[in-house]
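Okay, everyone, thanks for coming. Let me put the structure up, and then I'll walk you through a few spots.

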Amino acid sequence: YGRQLRAAVVDARQVQKEYDYVIIGGGTAGLTVADRLTEDGKSTVLVIEYGQLSDSASITTVTGGFAGMNDPKFMYDINSVPQVNLRNRTIAVRAGKVVGGSSAVNAMMTIRGTAEDYDRWGSFFSKSSHWSWQNLLPYFKRALNFVPPNPDVVQSVNITYDTSFWGNTSGVYAAWPSYQYPATTAQMEAFRGLPDVPFVKDSGSGQPGVYWYPTFMDPKKVERSYAKTGHHEVAQKRPNYQLLAEAKVNKILLTGTTATGVSYSPIVSGKPNNDAAQSVIARKEVILAAGGIHSPQILQLSGIGPKKILSAAKIDTLVDLPGVGQNFQDHPMLSSSYQYTKFTPKPSGDDLRTNRTFSTWANEVWAANRTGPSSIATGNAAAWLPFPVISSRSAALSDALAAQDHASYLPADTHPTVAAGYRAQMLSYAAALRNNGTAFYNAVLSGSSTNGIIVDLHPLSRGTVQVDPSDPYAKEPLVDYRALTNPLDAAVMIDILKYTRRYYLDNPATKPWAARENSPGASTTTDEQWASFIARTMSPSEFHPVGTCAMMPLELGGVVDEELKVYGVKGLRVVDGSVMPTLVGANTCQTVYAVAEKAADLIRFGAPKV
Ligand SMILES: Cc1cc2nc3c(=O)[nH]c(=O)nc-3n(C[C@H](O)[C@H](O)[C@H](O)COP(=O)(O)OP(=O)(O)OC[C@H]3O[C@@H](n4cnc5c(N)ncnc54)[C@H](O)[C@@H]3O)c2cc1C
């Protein structure tokens, strides 16, 4: 074999027999790791990605932030199993199927969790774990290239930031639109009308509060900045990097309990052609980076997972690993809705629809030099608040959570180690519910007279992602959020919704804007009514699937260790959102980049000495 590979983007016929590393999934994490591992110019890397390599405008467009996820070419087509506690509703499971993965289709909100979220991960191992806020901070800095907002925008809307939490070397940008609505600032300031709300100078500081945050955007091109532009396009200049797009990985090949390669089928006319299936050898490691939904599926298809699930699907169990596909988490989105009837701050997002002069100006400056309101994706301000700030019963809910029989809220046949891990997580959350280090409440500010999304940042229920026993290799996995199975989730969500009502209807700072509650409406007053509203309307997904290959100790149901190595298997790591043992109180993409940066160092240099 040669260290010098041929073209960087290859088709199945050009794939070599062997590489040092084979990466499954050319998404957010996979491309980040591939970029770092090829930096030395020597280690050969093949990335295998199901989706296509595309420059489609639905990926690159920043305006509005949702073009990618609305383009079915670039999305998996998966529906959850009916959710018993949500009136049997089925939920669309959204994940990107394209080079760049979900970073190509996400809403470009650039946020990290709080320090406590990352310290929690390490706490499941030991006090001296190298998974901590302090240890991840350098990787957050490496992960993104922060370009400050224009001084005129900073001045016009009072954006604050602190570059000490950011770096400027990555190919992936955290940048700012060239315009912000002053109405957004007014909505932020209106949180001062309620007690104890912290205001934070920079979104990267690891503190909860009300703050501005950037956009995954190339500030010169004013286009989406993501794993393809920031990592693939860097790595493809190197002779030791190759990407095979439009190929579906079927399974990881094991010799004994050592991962030695990968088998895949080229995609032809949109479908895997299994008659043309091939395999490729990984001399050093296989790196699984297929995301929170598909990484557990691929492990299970490879014979690594809970024996019971694998047997039901007629897959030979090579490594009985009970945690694979368990511990599934995503951020629930709540949907009460408000409308200000006398929204005075100007300009606001409404002006784009209702004010001819403003919208003409907006179109002109966008056409002339890609500036103005059309450079905004989904907005850049939100509130991320600890539970004691939003609820008067934080101590009571904390006590109730600690006292639960936790295992009784998991599926009946859950392995005792997985149940022990769940208990450890719930005890950590019980402490978090009564302190001010973890954000539970998220309200995105719209800059217009209607409200933005409302999110529960730390759900207590745990779902599952398993192979479909009826046809495990061909069908998408069975995704079950098991929404609201822990009854305290409803209690937390009720308090989130009540606080939202308070912000709009019972807040001296928003009073002059005369908000109207469109839903659920004034007749909803009792907790039973709120709970019914939640069951009818909430979505268990903000498209942030994590936890299904959890980095936890084996005795706590973990799938990977602190070096992200799969327990019981040699030569195999998981590096993507699925390794997060618990959700962070933030949209997940920035954390995935940081985890991938750290993983690349673990692979190259081994575990750090702490
Ligand atoms: C619609 C949407 C909106 C979002 N909005 C935001 C946001 O605004 N801000 C934010 O921070 N986060 C957001 N997220 C979440 C964030 O984008 C993800 O958490 C993150 O990108 C996940 O990275 P990953 O590496 O775990 O997986 P991905 O980036 O999804 O990568 C997995 C890759 O593996 C590939 N793959 C899967 N199975 C196979 C197989 N069998 N063979 C070959 N390849 C395979 C997939 O095609 C994909 O490219 C959003 C996500 C979505 C889907």
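So, to start: in which loop is the place of Arg-482? Arg-482 sits in the loop between strand S24 (478-480) and H15. Keep in mind that this is a predicted model. Arg-482 has a positive phi of about 50°, although it is not a glycine. And is Arg-482 buried or exposed? It has 21 other C-beta atoms within 10 Å, and the cut-off for buried is 20 or more, so Arg-482 counts as buried.

Compare that with Asp-196, in the loop between helix H6 (182-189) and S8. Asp-196 isn't a glycine either, and its phi is positive, about 65°. But Asp-196 is exposed, with 10 other C-beta atoms within 10 Å.

Back to H15, which spans residues 488-505. This helix lies across S18, S21 and strand S22 (454-456), and runs at about 155° to S22. Those strands belong to an open sheet of 5 strands, in the order S8-S20-S21-S22-S18, with antiparallel pairing. Strands S8 (209-212) and S18 (333-334) are at the edges with a single partner strand each, so one side of each has no neighbour in the sheet. Inside the sheet, S20 (residues 381-386) and S21 (residues 439-444) run antiparallel and are joined by 5 bridges. If you want one pair to click on, Leu-385 has Tyr-441 in S21 as its bridge partner.

Next, strand S19, residues 337-340. Its side chains alternate: Tyr-338 and Tyr-340 point to one face and are buried, while Ser-337 and Gln-339 point to the other and are not. S19 runs antiparallel to strand S25 (residues 515-519), with 4 bridges joining them, and Gln-339 has Arg-516 as its bridge partner in S25.

There are a couple of cis peptide bonds to look at here too. One joins Lys-346 and Pro-347, with omega about -20°, and Pro-347 is in the loop between S19 and helix H10 (350-354). Another goes from Ser-519 to Pro-520, with omega near 5°; Pro-520 is in the loop between S25 and helix H16 (527-537).

Okay, helices. H13 (residues 394-403) and H14 (residues 416-433) pack at an angle of about 170°, with axes 8 Å apart. That makes the two roughly antiparallel. The H13 side of the contact includes Leu-397 and Leu-401, and the H14 side includes Met-426 and Leu-433. By class, the contact residues are 8 nonpolar, 2 polar and no charged.

Then H1 (residues 28-38) and H17 (residues 589-605): their axes come within 9 Å and cross at roughly 35°, and the crossing is right-handed. Among the residues that meet are Val-33 and Arg-36 in H1, and Tyr-593 and Glu-597 in H17. This contact has 11 nonpolar, 2 polar and 3 charged residues.

Last stop is H8, residues 291-301. How many of the residues of H8 are buried? It's 11 of the 11, so the helix is largely enclosed by the rest of the structure. After H8 comes Gly-303, with a positive phi near 85°. One of the H8 residues, Ile-293, is in contact with Ile-78. Ile-78 lies in strand S4 (residues 78-79) and is partly exposed, with 18 other C-beta atoms within 10 Å. Ile-78 also contacts Val-93, Glu-476 and Val-479, leaving aside neighbours within four places in sequence.

Notes
Residues numbered from 1 in each chain as written. Predicted model: local features only at pLDDT ≥ 70, side-chain atom pairs only at ≥ 80, totals over all residues. Buried ≥ 20, exposed ≤ 12 C-beta atoms within 10 Å, placed from the backbone. Axes fitted to C-alpha atoms, helices over the stretch in contact; angles between N-to-C directions. Parallel < 35°, antiparallel > 145°, perpendicular 65-115°, else oblique. Contact = placed C-beta atoms within 7 Å. Nonpolar A, V, L, I, M, F, W, Y, C, P; charged D, E, K, R; others polar. Pairing = 2+ DSSP bridges. Left-handed = near helix turned anticlockwise from the far one by under 90°.
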